[in-house]
Amino acid sequence: MSKVGVGSYSEVYSAINDNREKLVYKIIPVENKSGTNKISQKSKSALSDLIITKTLNSLRSGSFEQASHYCENFTNLRGLNYVTSEVDRLQCDGNAQKENYRRKSSYKYLICEMADDGITLHNKKSLTPKEGIAICAQILAAFSVAESAVQFEHRDFHTNNILLTLTETPSLKYKLNNHTFEIPVYKWKVTIIDFTFSRLTVGKEDTPIYTDLQKLKISGLKNSSLFRVYDLQRKALKGNWDHYNPKTNIYWVEFVVKEVLKRVDNYWSSVGVHSKCITSDFYQMLQSWKDTISGVDARSAATGGVESMSKKASSGSEENSKPASVATTTTNSNCSSSTTSNSSNQIGGTTRSPEPPKKMNGLSLSELCCLFCCPPCPGRIAAKLAFLPPEATYTLIPGDASNHSLSLTDRAEWQYSQRDLEMIEVFYTRTSRGNRIACMYVRASSNPRFTVLFSHGNAVDLGQMSSFYLGLGTRINCNIFSYDYSGYGCSTGKPSEKNLYADIDSAWHALRSRYGISPEHIILYGQSIGTVPTVDLASRFEVGAVILHSPLMSGMRVAFPNTKRTWFFDAFPSIDKVPKVTSPVLVIHGTEDEVIDFSHGLAIYERCPKAVEPLWVEGAGHNDVELYGVYLDRLKQFITVDLAN
């Protein structure tokens, strides 16, 4: 047996039992003159800790089908023992000149036997963004269930009270007021421990079980973020430690999300990437979540914690069911956006770190809980991760009739002459969902065989892509037609999956009617999130060809790689639409893609009925495939050779 930790009123040891199971023993002194770490402990405090531990443990026991609430993220209590020990103690009467003498002392202990649930989050110094998302999702789900079941407040929820266990289990099941849902697990299962300071209710009369912490002194933490949470908690409760105030849970969740973000930052530092320059949507989701929780108005938080927000989210209101952008809140008046970012002219764009939101970043905390705790939440997570519209880098200046002229800002980084800019035509068209989207037609070739309908990546707009379009069209001898998604650039509306499909439909009809181009002379090109509307359109219309650059199978499969099937709530299910594509398809993917794993490109390629030889760019990531010489070579070969046969 080895000592592994010391709590406020207990000591924790690790040991292996006769069945070779690794267990943890929490030893709580009862009715002693001093606790094991010299802090006085009354029987009432020990009993409070024990009752809370057993109550939360009951959320994981019994029949899942019959339970109204179920959660496996709290301490797995295996057994409980009450022990009395007679110990010889060397005593001194206080006079150094007198001889020491011995006497018998009686010690009473409660010993809790628990499963060993891994390492603490405190000792886990680095997390990938995907791991961070999964950990936060489990925490929010666990708090939702416990608040609803027993009015639970942890009141001491720091990184030493979160354990992480490596697991191959793909997901965990939960029940909230008889409502069943699952949350995918990415490698780490969360266990929440140490309920010495916690509060909940038991019995038919909802008797509160709690510890009065009014006189608790937190030494050595002043001016720290942890001290701030204790102080906020103390002020919120106003001395009423028996009362239920779930605002305290929000304070602690905010603290933990910030700690998770620190570990994600450490991960990117370890691989030599600064967090402000990374291309991971998962980091953006965590950052946005942290900013959202930090922006919650204290008055609204006081009316309900995680559980009450989940109730609102699960009510199925139409407003909550509408997708919205987490990472940015975009307004399209005068083609402006509330988000500030650095520009990038790379295809797919560079992920931007969002500014702290003025109003909770366009997402209410109840919607946030809906994302993680109530179906169809995983699909919503994936959808929200997909859209990161930048600040508009261009404007459309009205001219005669429906004609407009293009004005680019410095952030568009136009690489050609002003005369070359005249080769670009811009105009608006209206979608079936009522949004007005900006379109761009680049006359890069005087005698093209094909026109490319290009659907760009998730963090760029037409202005940033304009130089690339002109260069690409010139090199492959094609004209380029593109458009901005709803909520991007000068397009109105908000980005969403439904708008994505309506946007490309509108662009398709505009290309055909305005320029008289027939389907057999159109190549649909989609990159990253742009492959989603591209596959959808190609599954409904036969065209000259299709190019899928860094495609994704579905949103859930990006967010949670262990997902093996398409769930009814999944977003962007391209993997199920690809078999319906009857046109020739070229799949392009970097083997070291850090955003959409290379396995997605392989799976899409294998499901295409008329796939040509793919282009796997060895060593390329998500945003640099175009920098490799094989990229242009393969495109030229595809257009001049593959499509000529």
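**Exercise 1. How are helices α3 and α4 oriented to each other, roughly parallel or roughly antiparallel?**

Solution. The structure is a predicted model, and the first step is to look at the geometry of the two helices. Two packed helices are described by the angle between their axes and the distance between the axes. Helix α3 (residues 225–237) and helix α4 (residues 247–270) pack with axes 9 Å apart and at an angle of about 170°. The second step is to apply the cut-off, under which angles over 145 degrees count as roughly antiparallel. The two helices, α3 and α4, are therefore roughly antiparallel to each other. The third step is to see who makes the contact: on the α3 side the residues include Leu226, Val229, Tyr230 and Leu237, while on the α4 side Tyr251, Trp252 and Phe255 are among them. Sorted by class, this contact has 9 nonpolar, 3 polar and 3 charged residues.

**Exercise 2. Describe the hairpin of β8 and β9, and place Ser171 in the picture.**

Solution. Begin with the pairing: strand β8 (residues 171–176) and strand β9 (residues 179–184) run antiparallel and are joined by 6 bridges. Within this pairing, Leu172 is found opposite Ile183 of β9. Next, turn to the link, where 2 residues lie between the strands of the hairpin, and Asn177 in the turn has a positive phi of about 55°. Finally, consider Ser171, which belongs to strand β8. Once neighbours within four places in sequence are set aside, Ser171 is in contact with Glu182, Ile183, Pro184 and Val185. The C-alpha atom of Ser171 is also separated by 9.6 Å from that of Phe560, although the two residues are 389 residues apart along the chain.

**Exercise 3. In the sheet β6-β7-β10, which strands stand at the edges, and what lies across β7 and β10?**

Solution. The order of the open sheet comes first: its 3 strands follow one another as β6-β7-β10, with antiparallel pairing. Strands β6 (119–120) and β10 (188–192) each have a single partner strand and stand at the edges, so one side of each is left without a neighbour in the sheet. Strand β7 (residues 162–166) pairs with β10 over 5 bridges, and in this pairing Thr165 stands opposite Lys189. The element that lies across β7 and β10 is helix α2 (residues 129–150), which runs at about 35° to β10.

**Exercise 4. Which parts of the chain does the salt bridge between Glu131 and Lys187 link?**

Solution. Side chains of opposite charge can pair when their charged atoms come close. In the whole structure a search finds 13 salt bridges, and in the one between Glu131 and Lys187 the closest N and O atoms are 3.1 Å apart. Glu131 sits in helix α2 and Lys187 in the loop between β9 and β10, so that the pair, 56 residues apart, links distant parts of the chain.

**Exercise 5. Where is confidence lowest in the protein chain, and where is it highest?**

Solution. Taking the protein chain as a whole, the mean pLDDT is 79, and 75% of the residues reach 70 or more. Confidence is lowest in helix α6 (residues 298–302), at a mean of 38, and highest in strand β20 (residues 545–549), at 98. Over residues 296–303 the pLDDT is below 50, and this stretch has 8 contacts in the model beyond near neighbours in sequence.

Technical notes. Residues numbered from 1 in each chain as written. Predicted model: local features only at pLDDT ≥ 70, side-chain atom pairs only at ≥ 80, totals over all residues. Heavy atoms only, no water. Pairing = 2+ DSSP bridges. Helix = DSSP H or I, 4+ residues; strand = E, 2+ residues; numbered from the N terminus. pLDDT = per-residue confidence, 0-100. Contact = heavy atoms within 4.5 Å. Axes fitted to C-alpha atoms, helices over the stretch in contact; angles between N-to-C directions. Parallel < 35°, antiparallel > 145°, perpendicular 65-115°, else oblique. Nonpolar A, V, L, I, M, F, W, Y, C, P; charged D, E, K, R; others polar. Salt bridge = Lys/Arg side-chain N within 4 Å of Asp/Glu carboxyl O.
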